[in-house]
Structure formats: C-alpha cells, structure tokens
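Visitor: I'd love a close look at one part of this protein, the cysteines and how they pair. Could you walk me through it?

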Amino acid sequence: MSKDLKCDDIVEQIVEGKMSRRKLGQMMAAVGLGMVAMPIAGRQALADTDTIYFTWAGYDIPEMYPSYITLNGDGPKTPVFADEEEALQKLRAGFKADIMHPCSGRIGRWREAGVVQSIDTSRLSHWGDVFPDLRAVNGANADGEQWFIPIDWGNTSVLYRTDKIENPEESWSLLFDEKYKGRIAIGNDVTDTAVIGAIMVGAKNPYEASDEDLNKIRALWQKQKPLVRLFWSDTTELEQAMVSGEVWAGSAWNSSVLALRNAGIPVKYMNPKEGILTWCCGLMMDHRAEHIDGAYELMNAILSPETGTFLLTEYGYGHANQKAFDAVSDEELAAIGIPRDPKTMFERGYFSQPNTRLPELQQMFEEVKAGL
C-alpha cells in the first residue's frame, strides 16, 4: 500500500464503491495488518459477504447480483435446491439462510411453517419500479406486511424437438404418449408435475385435487413412468439431454427454449389446449437471518433493471422491475413469448396457486418414481 494513501482516502474509496472489502483486505495484508471493524460515522456500512442466498441452480451466478459484487468484491454464498419442498424441509430441519427463492404458490406454506420473516420494503431501492400486480401475488403482502419480493415470472409447458416429433397436437398429452417411450423428460419438482397430472385427469381445480383425483393421478404417473428417460432437477440436465437427442420432449421453462435455440437445436414451445402453466418466483427472508444488511443489498441487486434485462435476454424470463423491459425490443419479447405486462400472461393459463394436497402429492410422486 502506498505510504501516500491515508486512512481517510481508503474510507472514502470504500464509501464511493471504488474499493471492495476483498481489495481492502489485500492491501492491509500487504502491510501486515489484519481486518478490523471500521465504523464509519454517518455512512452506510458495507454489506456482509457471508450472506446466504438459497436458490435454484442457474441463479447462483454473478449476473444475478452485479451491484452486490461491486459493493463487496464477491458474491453471496449460494447453496441451491432442486425442489421447493426439499428446500422447506431443509429449513425446518435447521438449515440457515438469509434469503430464499421460492415461488409464489409456496408463500402461505412457508409462512405457516414459521421459517420466514416480513421484509421492510423501505430498504428496497427498486420497490417503486416493481409491477403493482406482482406485489400482492398469492398473499405476498398479507396481514399488512410484505413476505415475498417478486423477481422472475414465466411459463411451464411442453418443449419438443421439431426434427424428431412432427406436428404433434398442442397438448400435455405428448408427455404421456407411448410412441415416445424413453424420450420424455419430466421436471423433478412436484409443484408443476402435480398440476400437469391434475389437468390431465380432469380435476375441477388442479390446485385442489379430490381423493378421486389423487387416485387417478397416481395411476397416470404409474403409466407414464416407463416412458420417462429423465426426471430433471436442473435445466442444464434437460437441455443437454435434448441437445444429444437422448430426450425429444419434456416439461420445461422458458429458459430452456432460449438456450436450445441459441445452440441451434430446432425446438417448439407449446401453448397446450388444456392451458399453459404460469408462475412468479421471488425472495423471502429467513426468520433467523444473520446478515440483514447483506440480505437487503442482495435483494436490491436482484431487483435491479440490469439483472432484469439479463433474465429477459439470456433466460427468457420476465422480471418484476418494469424498467428492465426498457432495454428489450418488442421483437425480442415476441421471440421468447413474454409480454410487457405480467398480468397479460397470467390470465391466459393456470397461474400458480397454493396446492392444498401438496404433501400427499409429493409423497405419491416419490413412491411412483421408486416403483411403489
């Protein structure tokens, strides 16, 4: 460290975002000093680099929180989950996070489990730019408090290779067609898979299956299981299997459509006659969060229009921040099937809701996969 760089200069660089905590540590180590607490009167303290973001695979990358990295010199810790129920049970068993990334259909269940605390939106610098329709989705702001911060929204539908399957009916039934035995992939998260099953057995409300519906869904899954090549937990698994030709069709999210098209694979994303699935996922705060300042810095980073533009252009997902759409043309949005207003999309299919039979469906799904 230069002898001419005084302590006040260092503090000023930190406050202005020109020096990360990591860089500061390197400089101090160079002169034999250890890191010490540095209170900065009247100024905002640095966020904690130990912030834990419990999320889906694919969201654990620097592009999801660039301003957080700018502030800290590094990203948060990012353990991932493949299934929201698995994530909830892990939290109930004692796993600690700061911020989690479930979807809105789980808000009530996670609140009832006592694993979350309310969020102070006055600390969210982009809150005013969030689509109003998303702020209250599925009880996100129940009891006068904000429990859920919407981030991404999109679809679940049938994705298939057009060079392998020619002109199929626009229907979920493709995933149950014996002609494609060994060429089908199904999402391992029962949230979507259970709703698809309920739709196919004619449930009056796919989020409130009756006992009779459950029996029909089990029978349907048992018939489907020999046809399934892959129960995917990570979108990369699905995409690699479709690129190689191992899988020809599967349940998928918008991101896989974009990834496969960019890889030169001819695919089509259905608008099933029975109804497409739509969803919104977001952030909730662990009731035992230990890195509160870091959690808010992270939420601000993920809510930023820069992150939103990345999600739109690279993953094909909508974003909660309206300003994210300013950098994306109408042609680009049309190519990924995302409208400028989430309400437009949510009204055209089955929007994710709390599932009253989820624990039973989860157990049944695991039993069927195990051949029971």
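Visitor: By the sulfur distance rule, how many disulfides does the count come to?

Guide: Happy to take you through it, with one reminder: this is a predicted model. The count comes to 1 disulfide. Its partners are cysteine 103 and cysteine 281, whose sulfur atoms sit 1.7 Å apart, which is within the 2.5 Å cut-off for a disulfide. In sequence, the two ends of this link lie 178 residues from each other, so to speak in distant parts of the chain. Cysteine 103 belongs to the loop between strand 3 (99-100) and helix 5 (107-112), while cysteine 281 is part of strand 10 (residues 277-286). As for the geometry, the angle about the S-S bond is 65°, and the link of cysteine 103 and cysteine 281 is right-handed. Both of these cysteines are buried. In general terms, a disulfide is a covalent bond joining the sulfur atoms of two cysteines.

Now, you may also spot cysteine 280 and wonder why its sulfur is left without a bond. The closest cysteine sulfur to that of cysteine 280 is the one in cysteine 281, but the distance is 6.6 Å, which is too far for a bond. A disulfide needs the two sulfur atoms within 2.5 Å, so cysteine 280 is not bonded to cysteine 281. Cysteine 280 also counts as buried, because its relative accessibility is 0%. To recap, cysteine 103 and cysteine 281 form the disulfide, and the sulfur of cysteine 280 is too far from the closest cysteine sulfur to bond.

Definitions and conventions: Residues are numbered from 1 along each chain as its sequence is written. This is a predicted model: local features need pLDDT of at least 70, side-chain atom pairs count only at pLDDT 80 or more; totals for chains, interfaces and linings use all residues. Side-chain values use heavy atoms; hydrogens and water are left out. Helices (H or I, at least four residues) and strands (E, at least two) are DSSP runs, numbered from the N terminus. Buried means under 20% relative accessible area, exposed over 50%, partly exposed in between (1.4 Å probe, protein chains only).
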